[in-house]
Every structure is written in structure tokens, then in C-alpha cells.
Amino acid sequence: MFFAILGVGFFTYTLSYFILTLLSDCDLQLFFYEKFGKSPRRLKGQVVFITGASSGIGEHTAYVLAKHGVKLVLSARRNDELQRVKRNCIDISEGQLEDKDILVIPMDITDFESHRKHFRHAIGHFGRVDILVNNAGRSQRAIWDNIELAVDKQLFDLNVFAVINLSRVALEHFNKRGSGHIAVVSSLAGVIGAPFSGSYTGSKHAIQGYFKSLDIEKKQNKHSGNAVMSRTDIYEFSRRKLHRKRGTEIRHICTTYG
Ligand SMILES: NC(=O)c1ccc[n+]([C@@H]2O[C@H](COP(=O)([O-])OP(=O)(O)OC[C@H]3O[C@@H](n4cnc5c(N)ncnc54)[C@H](OP(=O)(O)O)[C@@H]3O)[C@@H](O)[C@H]2O)c1
């Protein structure tokens with residue numbers, strides 16, 4: 001009898017968690033903070049380093065922060081797109097930010113050796129970084145059996161190893177200062193299995209694990225290492241996916257985030 005009750009309880013919990021996660025399109029912790037957490041207004045004057053700021057979620061995050069006068073480091077590979085985002089941020093800030101308050105750092109984040117140099121550049125410019133938003137990433141679509149190992153490695157370099165390496169560089173700075181935050185854009189695919197996206201799902205599960213571990217290690221400090229899921233239109237799927245073969249990149253039409 002005891003085990004039957006335990007089984008029913010476990011089943012109900014798992015089902016509710018699964019349904020609520022699907023309905024909220026993000027993890028429940030993020031859903032809670034979005035509804036009841038503090039406003040980004042309190043971040044005014046802080047320095048936020050965003051990776052993958054040239055489009056999509058990273059670009060939109062920059063706009064939300066710029067509106068509240070947050071100083072920004074915008075990084076990605078496409079310098080022209082970053083400059084466009086910078087101009088938009090200055091407009092959106094309505095006088096709170098000027099040219100020197102937004103630093104553009106063009107970088108390929110899979111060039112791990114360059115992380116320290118770029119992060120130091122940001123610290124040299126602003127004197128500090130308060131928050132790192134690990135957003136740069138790519139999706140992937142393929143039948144599991146057919147995925148080439150090179151694609152798995154490429155996805156993990158970008159979605160996992162680049163994130164943890166840059167985060168470790170940031171942590172050195174945060175540890176010295178005694179404060180700092182790291183955010184990671186994960187995915188529903190980091191919590192449940194997504195079909196035809198094996199490498200992507202694996203990479204997002206990996207990042208959840210890495211940051212859960214960091215979160216427990218840092219619980220006593222001010223640092224936090226939460227992997228949060230992006231909250232996007234459910235119909236909007238990543239526009240640039242890795243196909244099953246290395247180098248084949250599918251480009252979809254760009255849409256806006258709300
Ligand atoms: N869209 C969704 O529905 C969805 C759902 C769940 C999770 N996510 C996650 O959200 C994050 C952002 O995705 P998105 O949908 O906004 O896609 P996106 O518009 O394609 O943005 C990806 C960003 O990452 C940058 N990037 C890609 N490869 C890079 C590299 N090697 N070095 C540096 N930057 C690189 C891109 O800039 P450059 O090309 O200029 O380098 C771009 O700014 C990803 O981590 C993704 O997994 C998205």
C-alpha cells in the first residue's frame with residue numbers, strides 16, 4: 001500500500017511538472033521569477049556581458065536592459081549586426097546610455113583561447129563586469145541515428161564548452177570582487193527529450209547539469225549559476241540549425257521576440 005501511494009504521488013508530481021513546464025514554455029523557477037521577481041530596473045548602471053547579442057534572444061535581452069540604463073557588452077561574430085544592435089540600444093535607452101556605455105566585442109566564442117583577452121577588454125573598459133549572460137548557441141535537426149560525431153562535437157563546443165570556459169573566466173573576476181552573476185540560456189530541450197535534435201538536447205542537458213553543480217557550490221556566496229530557459233513564442237524555433245552533416249547550416253527567416 002505504501003509503495004502504491006508513493007508511486008501515485010511520484011507519477012502525479014512528474015506529470016504536473018511536465019505539463020506546467022510545457023505550458024509555461026520555461027522552467028518553473030524562471031516562470032516564478034518572471035512573475036514575482038525583481039524588475040530589471042534595479043540593474044541600472046550595472047555592466048552586463050551578453051554573448052550572441054547580434055540577433056534573437058541575445059539582441060532582445062540587450063534591448064530590455066538598455067531600456068533600464070544597463071551598460072552592455074555586446075558580443076557575437078557579426079560586427080555589423082552588433083553595431084546595429086548598439087545603435088538601437090542607445091535609441092531605446094532614451095538618453096540613459098551613450099556610445100561609451102555599450103562596448104561591442106566581435107568574437108567567435110568557440111575560440112576558447114580568446115575568452116580571457118575579450119573578458120579583460122570589457123573589464124578594462126568598464127572597470128568591472130557584473131553579469132555574464134551566456135546566450136550564444138545553435139540548434140540542430142537530424143535523425144538521431146544519422147548524426148555525425150563531428151556535429152555533436154561542434155554543438156558541444158558552442159553550446160557547452162564555450163559557455164563553461166567563458167563562465168570560468170568570469171568567475172575569476174567575480175571571485176576577486178566578491179560578487180557577480182552568471183545566466184545561461186538553456187531550453188526546454190535541457191529538461192525533456194526533444195526528438196530529431198539529439199545533439200542539441202544533449203548539449204542543453206549538459207549545461208543544466210554543469211550549472212546545477214555550480215549553483216550548489218556557490219549557494220553560500222553571492223554568485224549564482226542558474227541555467228534558465230529562454231521564454232519565446234512556442235512556434236518560433238531557432239532559425240539556424242546544424243544539420244546532420246558538419247557545415248550545413250539552415251537559415252530560417254528572422255522573426256521577432258516578444
Ligand atoms: N529560438 C528558440 O526558440 C530557442 C528556444 C530555446 C532555447 N534557445 C536558445 O537561445 C539561445 C539564442 O538562440 P536564438 O534563437 O536567439 O538564435 P539566434 O538568433 O541564431 O542567435 C544566436 C546568437 O549566437 C551567436 N553565435 C552563434 N555562433 C557563435 C559563435 N561561434 N561565436 C559567437 N557567437 C555565436 C549568433 O551571432 P553571430 O552569428 O553573429 O556569431 C547569434 O547572435 C541559444 O542558446 C538557443 O539554444 C532558443
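These legends go with four close-up views of a predicted model.

**View 1. Helices H5 and H6 cross each other.** Here you're looking at H5, residues 115–126, and H6, residues 149–177. Their axes come within 10 Å and cross at roughly 40°, so H5 counts as oblique to H6. As for handedness, H5 passes H6 in a right-handed crossing.

**View 2. The residues where H5 and H6 touch.** On the H5 side, the contact is made by His-115, Arg-116, Phe-119 and Ile-123. H6 brings Asn-165, Leu-166, Val-169, Ala-170 and His-173 to the contact. Sort the residues of this contact by type and you get 5 nonpolar, 3 polar and 1 charged.

**View 3. The largest nonpolar core, with Leu-74 picked out.** This core has 42 residues, and H6 supplies the largest share of them, 5 residues. Val-48, Ile-50, Ala-62, Leu-72, Val-73 and Leu-74 have the most contacts inside the core. Take Leu-74: setting aside its neighbours within four places in sequence, Leu-74 is in contact with Ile-50, Ala-53, Ala-62, Leu-82, Val-85, Lys-86, Ile-102 and Val-104. There's also a second, separate core of 8 residues, including Ala-142, Ile-147, Leu-188 and Tyr-200.

**View 4. Val-151 and Tyr-200.** Val-151 sits in helix H6. Is Val-151 buried or exposed? Val-151 has 22 other C-beta atoms within 10 Å, so it counts as buried. Tyr-200 is 49 residues away from Val-151 along the chain, yet their C-alpha atoms are separated by 9.7 Å. You've already met Tyr-200 as one of the residues of the second core.

Note on methods: Residues numbered from 1 in each chain as written. Predicted model: local features only at pLDDT ≥ 70, side-chain atom pairs only at ≥ 80, totals over all residues. Axes fitted to C-alpha atoms, helices over the stretch in contact; angles between N-to-C directions. Helix = DSSP H or I, 4+ residues; strand = E, 2+ residues; numbered from the N terminus. Parallel < 35°, antiparallel > 145°, perpendicular 65-115°, else oblique. Left-handed = near helix turned anticlockwise from the far one by under 90°. Contact = placed C-beta atoms within 7 Å. Nonpolar A, V, L, I, M, F, W, Y, C, P; charged D, E, K, R; others polar. Core = buried A, V, L, I, M, F, W, Y, C linked by C-beta atoms within 7 Å. Buried ≥ 20, exposed ≤ 12 C-beta atoms within 10 Å, placed from the backbone.
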